[in-house]
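Grab a pencil and work through these exercises with the structure open beside you. Each one has a task sentence and then a solution in steps.

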Amino acid sequence: MTTVKDLQEQLRARGLPVSGKKEELEERLRTCGVESSRASCQSTTVPLARVAVREDINGRFPAELVQAIEYIAPAYGTGLRSGNLLLVSQNGSMVADKATLRKQVPDVFGNYMWTLTPPHGRKARAVYLGKAGGDGIKQTLKGRFEDYLHDKYFGPKTELFKQWAMVDAQSRAFKIEIRFRTDMDNAKSAEEDSLDQYDFALNNQKNGDVRWPITFGQSKKQWEEYPVINKELGELAQALQVKLKIDGKL
């Protein structure tokens, strides 16, 4: 008979949350296309998430360690809503100028997710979740991204740590994609629901301090396999890092 502990071990091995009742854990495994028996997992390859699996003190799982990003938010630019996926940068450079990219951002209220995909073909990892609209705020997604999109890099100039993290990742040829969700009546509620379950590296609302997301649970030494390929962005990332250290934020 499969126990709760058995189910939790299987979920941890796949980078999925382990909280909830037994019925919820079984459903979570079935949702991911995995049989709920322990034996069915023993022959599978242990994913990267197993390198450093942890939950924070409130039971939320680090979003960047979740292998199946669709599990976090199935309506964010996936499946039938694939048109809500925006490629921003790959191979160390923006795919288009700011004006061209901004035209592709939905001009409606909704939620969005930043994802990073490292070189060598690994899956996208969620690092930030945000919203536009709600609580009387009239700014749409298109307006929100005015601060994020730049001709040479992606990241908010008004938030130094997030800017550094994204510029550094881009300089190392990480692919940056944005997933949008525009089918929710309440963008704030949708954001809070996700933040209640997952700890996104670059969110500080409900998620504690921001952290460097792009080791994906590995040591910084392992991070060296991703060298800087865009020298200009690499130098910008170094300058931002110096500012963070001076301000005591790194």
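Helices (H or I, at least four residues) and strands (E, at least two) are DSSP runs, numbered from the N terminus. The expected span of a helix is 1.5 Å times one less than its number of residues. You're looking at a predicted model, where local features need pLDDT of at least 70 and side-chain atom pairs count only at pLDDT 80 or more, while totals for chains, interfaces and linings use all residues. Residues are numbered from 1 along each chain as its sequence is written, and side-chain values use heavy atoms, with hydrogens and water left out.

**Exercise 1. Take stock of the whole chain.**

Step 1: count the elements. There are 9 helices and 7 strands in the chain.

Step 2: check burial, where buried means under 20% relative accessible area, exposed over 50%, and partly exposed in between (1.4 Å probe, protein chains only). Of the 250 residues in the chain, 50% are buried.

Step 3: look at the surface, using the Shrake-Rupley method with a 1.4 Å probe, with only the protein chains shown counting as cover for residues. The chain exposes about 12,300 Å², and carbon and sulfur atoms supply 48% of that.

Step 4: look at contacts (heavy atoms within 4.5 Å). Among contacts with a separation of 6 or more, 69% come from residues 24 or more positions apart.

**Exercise 2. Describe helix α6: how many of its residues are buried?**

Step 1: find its span. Helix α6 covers residues 160-171, which is 12 residues, and reaches 16 Å from first C-alpha to last, close to the 16 Å expected at 1.5 Å a residue.

Step 2: check its cover. Since 12 of the 12 residues of α6 are buried, the helix is largely enclosed by the rest of the structure. Among them are K162, W164, D168 and Q170.

Step 3: see what comes next. After α6 you reach A173, which has a positive phi, near 75°.

**Exercise 3. Work out which strands pair with β6 and which with β5.**

Step 1: use the pairing rule, at least two bridges found by DSSP between two strands.

Step 2: start from β6. Strand β2 (residues 85-90) runs antiparallel to β6 and is joined to it by 4 bridges, with L86 opposite I178. Strand β4 (residues 110-117) is also antiparallel to β6, through 7 bridges, and here T117 faces K175.

Step 3: move to β5. β4 and β5 run antiparallel with 7 bridges between them, and Y112 stands opposite G130 in β5.

Step 4: check the cover. In β6 (residues 175-181), 6 of the 7 residues are buried, so the strand is largely enclosed by the rest of the structure. β5 is mostly covered too, with 8 of its 8 residues buried.

**Exercise 4. Find the aromatic pairs and say how two of them are arranged.**

Step 1: set the rule. Rings of Phe, Tyr and Trp (its six-membered ring) pair if their centres lie within 6.5 Å; planes under 30 degrees apart count as stacked, over 60 as edge-to-face and the rest as tilted.

Step 2: search the whole structure, and 12 aromatic pairs turn up. One of them is Y112 with Y128, a tilted pair at 6.2 Å centre to centre with 45° between the planes. That pair links distant parts of the chain, 16 residues apart, with Y112 in strand β4 and Y128 in strand β5 (residues 125-132). Both Y112 and Y128 are buried.

Step 3: try F145 and F154. Their ring centres are 6.4 Å apart and their planes sit at 40°, so this pair is tilted. F145 and F154 are both buried.

Step 4: join things up. Ring pairs tie Y112, W114, Y128, F145, Y148, F154 and F180 into a cluster.

**Exercise 5. Which element gives the most to the largest nonpolar core?**

Step 1: define it. A nonpolar core is a set of buried Ala, Val, Leu, Ile, Met, Phe, Trp, Tyr and Cys residues joined through side-chain atoms within 4.5 Å.

Step 2: meet the core. The largest has 35 residues, and V88, Y112, W114, F145, F154 and I178 have the most contacts inside it. At least two residues each come from β2, β4, β5, α6, β6 and α9 (231-246). The top contributor is α6, with 7 residues.

Step 3: zoom in on V88. Beyond its neighbours within four places in sequence, V88 is in contact with residues including M94, L149, F154 and I178.
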